[in-house]
Amino acid sequence: MAEEEIPILKSTASPNVKASQSSNDAGGGGGGGGGGSQQKKPPPPQPPQSPQDFILSVASNISSQPLQNFDSNVWAVLTAISNHARKRHQGINMFLVAEEHVIGRLVNNSSFRIEAAAISGNHCKIFRKRSGADEGDVSVFLKDSSTNGTFLNFEKCKKTDPEVRIQHGDIVSFAAPPHNDAAFAFVYREVARSTFLSEGSVAKRKAGGSRGCVGPARRRCNRCNAVAYCSASHQALHWNEHKKECERLSQQMTRVHELNHFPFTFTKQSTLLVCEKKETRCSFLSKRGIHKRGMWTVECDCRVFDARPRSMIDYGWDLESLLCPCREPVSAMSKCLNTWEDYYEWRGIPLHSPVAILLQWPLTIYHATQFAGLRSLDSEICDELYIHYLGPEKELSQLDVFGELIALFPGVQVHIEFVGPAVPENRNGEEINISNYARCNDTHCSCKSSNETMRQFQKDGRTSAVQLRLRRGLYHELYNDITKYSFPDLVIAPNAGLAAYPSWLPTIELLKEIDVPTVFSDYCEEACNLSSDCVNSVTGCRFKIPIQLNPFRQPMAVEGSPLLIPCYSNCFLFGL
């Protein structure tokens, strides 16, 4: 990993944190504009920062920058931010590659040696260890063993203290507080740092549950009330990043009631109580007898993805027939469906049925065709509809629910290409024909009869069916091969997280070039704003289809959101 040139901000603070910097530039210079010779007044002098504020701003500035050219074995870096630390002849970075590193004046590994009298021989150690039941639950800890102490975010750790957890952006200082002239101060940066949560596209923050926190996140930002912190130091450390979004989040907080509004009898249990941690997704499903059952298995933290081909799986609704759409509609659709209430009324399903939790997928596709201007009652769609579906994950264990597209698009052959790296290798290229609805668990229901199974919904002599094909890989790499068989009428990417994954960038460039209606969804409005910035950086333009709340978002809140704004699967839609 090459040494990085880290910009150090100018300050009138302690000389220790000024680093090596040139004097301030003179304020003159030939400026643009009208070309007049009138001398401009110099800007008023800015009040000097305190040494503590300055070191916080330096740490925040460095920790917000991406790490470049790092070796695959490096899992974290300590980057010098104080003058003494930056003068180490070993360089400004300490690269963490082993499970444990000892830092001190007499350590064997010279890369972790600080040659100063105030530093103990073995001053402290930084190490990784598992912090939960899963193998991926690994946290990083610091344990002091020195005479003068090790400081974590201005708080002194002594050798008699227990180990403390550290996280990306924390300041680690040896021998003195980080803003002191005598300090050897570093900012801790994680290389394998995920920008977004696995269950959604919400940026990680130094908020509730983050590693290195000193307690529960109870200190809310008093401007937006959307982010909480464990301490004033973490809040101050995060401010340079948070101030860019604070006003936006404040506006989004005004929509919380609208986000949580659903017509179901179970709405409070699946939204407010889940957000308040008085209910879990597991407990919600257990009370309805569907926890760890069939297609519901992947809807909680107990999720187990089934990699078997669909021909080996007989998943259904695991509900009685009155609670699920296991048969064709009693009547044709008389109007466009605009809400969950419209859909439940049309299909004759009571509002205490939880099927909307899974039906979010086909109903979001249905809404996307209207959203992108492809379908209305006045403008009939053609006999075939080709959809390229990007980034499927848990949908791969819920494919039977896409049989509902037979009812939503009567008389249409719907072809969907599921494309993404989550497709199991053994299912790559698998073709699935769906000509019936997911079954209920009533033994004598007509959905079990051979006549019902073989019967396909017809309209004006045309037959409805759904054909799925699974493809493993990235869309921009597979596009030429896919379009040999089908050119899309619509591209849809549910819960996309455009700003989280660099692999989206070439795909966005491709989508702009082919100019096909494209609809993305995400878990919250802030993730959509981040995606907008990402698209703008690639294409130079904003979304053609503005960010809008999806009426067919999943009516069960995402657990563990780093924001205090409720997040839902397929919550907001936007598009190219």
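This short tour visits a pair of packed helices and then two cysteines.

The model is predicted, so local features need pLDDT of at least 70, side-chain atom pairs count only at pLDDT 80 or more, and totals for chains, interfaces and linings use all residues. Residues are numbered from 1 along each chain as its sequence is written, and side-chain values use heavy atoms, with hydrogens and water left out.

**Stop 1: two helices.** Select residues 51-63, helix H1, and residues 232-242, helix H3. Helices here are DSSP runs (H or I, at least four residues), numbered from the N terminus. Their axes lie 9 Å apart and pack at about 55°. Axes are lines fitted to C-alpha atoms over the stretch in contact, and angles run from 0 to 180 degrees between N-to-C directions. That angle makes H1 oblique to H3 (not under 35 degrees, over 145 or 65 to 115).

**Stop 2: the contact.** Show Leu56, Ser57, Ala59 and Ser60 of H1. Add Ala236, Leu237 and Asn240 of H3. These residues make the contact (heavy atoms within 4.5 Å).

**Stop 3: the cysteines.** How many disulfides does the structure hold? Zero. A disulfide here is a pair of cysteine sulfur atoms within 2.5 Å. Select cysteine 300: the nearest cysteine sulfur, that of cysteine 282, is 3.5 Å away. Cysteine 300 is buried, at 1% relative accessible area (buried means under 20%, exposed over 50%, partly exposed in between, with a 1.4 Å probe and protein chains only). Now select cysteine 324. The nearest cysteine sulfur belongs to cysteine 326, 4.4 Å away. Cysteine 324 is also buried, at 5% relative accessibility.
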